[in-house]
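Okay, thanks for coming, everyone. I'll put the structure up and then walk through it chain by chain.

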Amino acid sequence: MSLLNIKDISVNYGRLSALRNASLTLAKGDTLFVTGPNGAGKSTLLKAIAGVVAPKSGTICFADKNIGGRTPEDIARLGFSMVPEGRHVFGSLTIEENLRLGVGMRDDKDVAERELETIYSVFPMLKDRRYQTAGVLSGGQQQMLVIGRALMANPQLIAIDEPSLGLAPKVIDDVYAVLLKLRDTRGLTLLIVEQSSARATMTGGRMILLRGGEIVLEGDARELTKSDALKAAYFGYGEHH
Amino acid sequence: MKKLLTGVAGATIMMAALGTSVAKADDIIVGFATASSGFMQAYDKPAQDAAMIRIDEINKAGGLLGKQIKTVAADTKTDRAEGAKAGLEVIDKGASLVVVSCDYDFGSPAALAAEAAGKVSFFLCAESIKAGIQGVGPHSFSASVLAAVQGATMAEWAYNKKKARNFYRLLDTWTEYNKGICDGFDWMMPKLKDAKLVGQDTFKNEDTSIAAQITRIKSLPQQPDAIMLCSMMPGVVSAVKQIRAAGIKSMILNGSGVSGGYWLNATPDLSDFYVPDQGSVYGDDPNPAVNEFNKKYKAATGGDPSSQYVYPGYVMIDVWAKAVERAKTTDADAVVKELEKMKDEKTLFGPRTFTDKIHHQNRGRYLITEIKNGKPGVVDEWTISEPIPVEYLVKK
Amino acid sequence: MTALLQILFDALSLGSLYALGAIGIALIFGVMRLVNFAHGDYISFCVFALLWPSIDAAAIVFAGQLPAYLLIPIILATGACLSMLSEVLVFRRFRNANPATMMIASFALGFVIKYTLLMLFSSRPKSIDLWSELALPVEILDARIPLLQVITIIITVLILAALVAFLKRTRFGLEMRAAAENFTMARMLGVRANAVILLAFAISGMLAASIGLILVTQTGTVDIQMGSSVMLVAFIATVIGGLGSLPGAVVAGFLIGGISVLMQVILPLEVRPFRDAFVYGAVIVVLIWRPNGLFAPRSAKQRV
Amino acid sequence: MTKRPSIFLRTVSTPLILILVLACFLALAALVNSGPFNQVVIDAFVKVTLVVGLYVFIGNSGVISFGHIGFTCLGAYATAWLTIPPMMKKMALPGLPDLILETKLPFGIAIVLGGIFAAIFALIVGKILMRLSGIAASIATFAMLAVINTVYSNWERVTGATSSVVGIPIVRVVWPYFLAAAGAILIAHLYAISRSGLALRAARDEAIAASASGVDIGRERLIAFIISAFITGLAGALSAHSVGVVTPDTFYLNLTFICLSMLVVGGMNSLSGAVMGVVVLSVIIQVLRQFEKGVDFGGTVLAIPNGLQEITIGIVMVVILIARPSGLTRNTEIVWRRWPFKRVSATAGS
């Protein structure tokens, strides 16, 4: 059965339509890549799930609950972790404080401590600088921090908006290694927005392509990239003729 | 939007329809364009109550020129633009005397409206030279005594009766009234042989702390004999509290703005604090008639007079009614002529003099109230040796 | 030396009031981008809570009669309740409104509070004697400093310390700091928005109440206007400090207090009435020099 | 969008409709013909002028100004300097330059000069302040107001300090105020559809995009600042003649907030909002005041306690803002599109 079930959602910004009739389902342990050109509605899709923007129509179910109209904090507490575009670290908080925020919904102190150690073991750099303010970190380090912070909540589903943006290839590999490991060990579900399909081909999983606010293509990542359909759909070939 | 517009139109017509009313012909009408809400309300209301008492007395004694005095009122809301409207409104209702707010700044819009309509206007208790010919016109008067007289009175009295020689001047720049007190003090100082101004400073009424000003006083080689404190409510309480808290023991001289005992619980042990009063609200006035009036006031309003600013309201109706009787008409020019003939006209709260130069008191008898261990009591009476020249007051 | 010490204490005690006010405003601004112009009226309201409603000139002391250990918590609770009530009744309905709308709503709310007090208590300022034994001076290195000044400074330091401890050491504090920096992100991490905002209002209200208590003790006056001048300076301090930055608000509060006192000391008599023109002139200079404030948080975004 | 109204109607109908609304009040005043009611209408026209002036800057730039009442103060004192009889001036304000001391100008010229004086001041101050944006600009404008207020409250020989300046000829006929309000509406509209106005609104909505496409935001803001200073200065001059006295404290925080409230309640991004905010709130206030005096309902007089008017108006404002956070007009302009009135977006429509 599905963990996330999105049906026919549309999102408008004022009179501008950002997302039209998008539907998708994700089961526990799935990996889904969302690709598409700039302004295709990728981030809007994530924000709609997170409850930051309200869909004009359609329903979103997460963990068997209709989360339409719920607040972002409620959705987060259901086990949805979001890493939005643009690395929102809390610059004036220390790295450890940033991470601890991630366990907002956990009352059990010991679990929180254990989780913290897990994250530190994955990103040792964060542990070394745990008492520094997050604002001093480099872009790549901040990306690690926000992903670590999102994982602190031990979510069922993590949604990451462009994890590779601005990171060195080596770091990207590390980040993905962590995510995949968690998927395989804990059954973490991954929902990843990437502008390029390269990573999706490497990692495997399903893929959808958004363009102009609509899902224009859906299928297995490796198969899709092999065919020309992806490229054609990405750039909108075949429509302007 | 259409709904909005129709709604507005409907409401407007209703309000215009409500705005009109009729005045009866055979009454004499006194119009109060005073504040029944907002900041000035606390100052206008008591004086207006006192005025009502005098009106009642006159009506009971058969009225004025055989007619009853009726009153109409319009609220200025302690706002100048509303003040002008209130003035126009009471004139519209046929007022022959337009009574305006206690304070010159808030009363003048209504007074100017009265002046333009050729009506006599009286400020309830304004104490600026402008409340009269100088700031409104030839038909305008004030029922109180100039602030400058208070400052001059306190200086001369402290010099003669308390042997004060070294004075310090502390001015709260908030209002013209405060400056007026200090102007009178400044005028008197050179006339007092070997009296010396050892320092001066300013503050703002809203300053929460006057620590810097106090530090300046304390760094004087010798504490002054007297501090002339030209200030008013509410800042003055804070200033006094802080002055005494800093250990400054000099006597403090004030204007009538601090009259009344209602604020003394803020400073339970206050001593050597002197206030000029036109009459005593503490029940110890040398004139028993004043104490009688206080009882009447309590019967009418349910409370004792809060400060001496109650009294000018009574004085106002008193002198105006006398002038109307003498002129045998309420016609403005005739009444003004009679008022200007008054010289040391006796009233319950000291003599009143009006001339064609000044419609205000540039000299006046004051009771001196001393606050001792937090308790007020009348200790003396003083009239300045000569009136403050009109030219000096106008120039200030 | 003595004079200098005295000036220092003057500046610190005035700055304390401004700093307390500035934090109260910065806290709310941080979590919801609201410039709360009703804050000054919260101060007045708390002060009037000491009295029994009456339009007589003489004050009828009510809560003011209670012993300090009861009085202080009651007044603090009054401030907190009023502040939280205004959030629940008014500001909650403006979550997505633009800052100008919220600001005007807060002004309208202040208007309502002010005129309600005016109706209940009349406009005449009232006097009350609260802890006047604190007015006695103490000797510090030859300077005679009013005890109250010392206490004001100590209380401010204590309040600041408690606030820092709360923000740094507790879960709620952590969430509040995070929310102040990036509200949406904090919510996406599960931070309960309404709870955090309500708590911020409660603290802000208590800060208003403590300013009120200090002011009454200092001035002995209960007046409708008494909150507004502190509020105004505090608001400016918040901006100069860098909106959303609590340390900035505190430093700027002390800075403005210091400048005011300094101007009063050094300006010649004829120019002294113009003191505030110099203070506000300095404000403009600082803003031109540092448009985002002295301590703009890294993520500071201009939203008003 | 289906058929759009003609360009002509879209560009001129808004100010014409607004002026027509004001003309209704003018006609009503003539009809009622009572002194107090005239004064009510005059007061409303002065406020319309003032709030429209505020709109020119705030509405187009998106920067909340707390300082414009400073210009109102400048305008009011300027007309006082120019119209008080020289005899009185020499006594009350001896510090004025001789040229001004000897002059006595007619009302109509003096108020325009008052506006120009405020505009010149805005030009000088704006050069510095308009570099700022957002809340820093708001606070800087407030600091400007505080400086003006402090100077005017203490400069004895030129402004008479805190004391009321008297001797200003009182003008109690309604039509000059109507003309000024109508003129302000026209100027505001012309500015809004001018290149500068369009550029400024573009910058308000999309600052980065606008500056990327070559809009000099500082310069456009300065232009709006000067024009709005002229209008608010003019309103100040008018208010001086409507009451006959000026004091510095009239032109401070209270008025600032009242005018801002009227603008925001009406809808701060549209000219119609500025006008309707004043009209609607003024009417509500007048009706409430009538209730304070007591209203006769078939024999039973219903009166609300004094002071309840202010409380009610505060609550009404909060309720309006909750129901319509972007103001009564929802930030749109009233335009003529056959009956009934229809709205178009302020940004897209002009």
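**Who touches whom, and what's inside**

Let's begin with a pair that stays apart: chain A and chain D make no contact, and 11 Å lies between their nearest C-alpha atoms. Chain A doesn't touch chain B either, and there the nearest C-alpha atoms are 21 Å apart. Keep in mind that this is a predicted model, with an ipTM of 0.79 and a pTM of 0.83.

So, chain A itself. You'll see an open sheet of four strands, and going across it the order is β2-β1-β4-β5, with antiparallel pairing. At the edges sit β2, residues 16–27, and β5, residues 65–66, each of them pairing on one side only. Strand β1, residues 2–13, runs antiparallel to β2(A), and eight bridges join the two. If you want a spot to zoom in on there, find Leu4(A), which has Leu26(A) in β2(A) standing opposite. Then there's helix α1 of chain A, residues 42–50, lying across β1, β2 and β4, the last of these being 57–62. Relative to β2(A), helix α1 runs at about 65°.

On to chain B. Here we have two domains: domain 1 is 20–145 + 293–340, and domain 2 is 147–277 + 365–395. Their centres, taken over C-alpha atoms, are 30 Å apart. How many residues of each are in contact with the other? Ten from domain 1 of chain B and twelve from domain 2 of chain B. On the domain 1 side of that contact, the classes come out as four nonpolar, five polar and one charged.

Now chains C and D, which do meet. The contact involves 33 residues of chain C and 33 residues of chain D. On the chain C side, the elements giving two or more residues are α4 (99–121), α9 (226–241) and α11 (275–289). Which of these gives the most? That's α4(C), with 13 residues. By class, the chain C side has 27 nonpolar residues, four polar and two charged.

Last thing, confidence in chain D. Its mean pLDDT is 87, and 93% of its residues reach 70 or more. Among the elements of chain D, helix α3, residues 68–83, has the highest mean at 96, while helix α16, residues 346–349, has the lowest at 40. Around that helix, over residues 345–350 of chain D, the pLDDT is below 50. That stretch still has 15 contacts in the model beyond near neighbours in sequence.

That's my tour; happy to take questions.

Conventions. Residues are numbered from 1 along each chain as its sequence is written. Chains are lettered from A and ligands numbered from 1 in the order in which they are written. This is a predicted model: local features need pLDDT of at least 70, side-chain atom pairs count only at pLDDT 80 or more; totals for chains, interfaces and linings use all residues. Two strands pair if DSSP finds at least two bridges between them. Two residues are in contact if their C-beta atoms, placed from the backbone, lie within 7 Å. Axes are lines fitted to C-alpha atoms, for helices over the stretch in contact, and angles run from 0 to 180 degrees between N-to-C directions. Domain bounds come from an automatic or database domain assignment. Ala, Val, Leu, Ile, Met, Phe, Trp, Tyr, Cys and Pro count as nonpolar, Asp, Glu, Lys and Arg as charged, and the others, Gly among them, as polar. pLDDT is the predictor's confidence in each residue, from 0 to 100.
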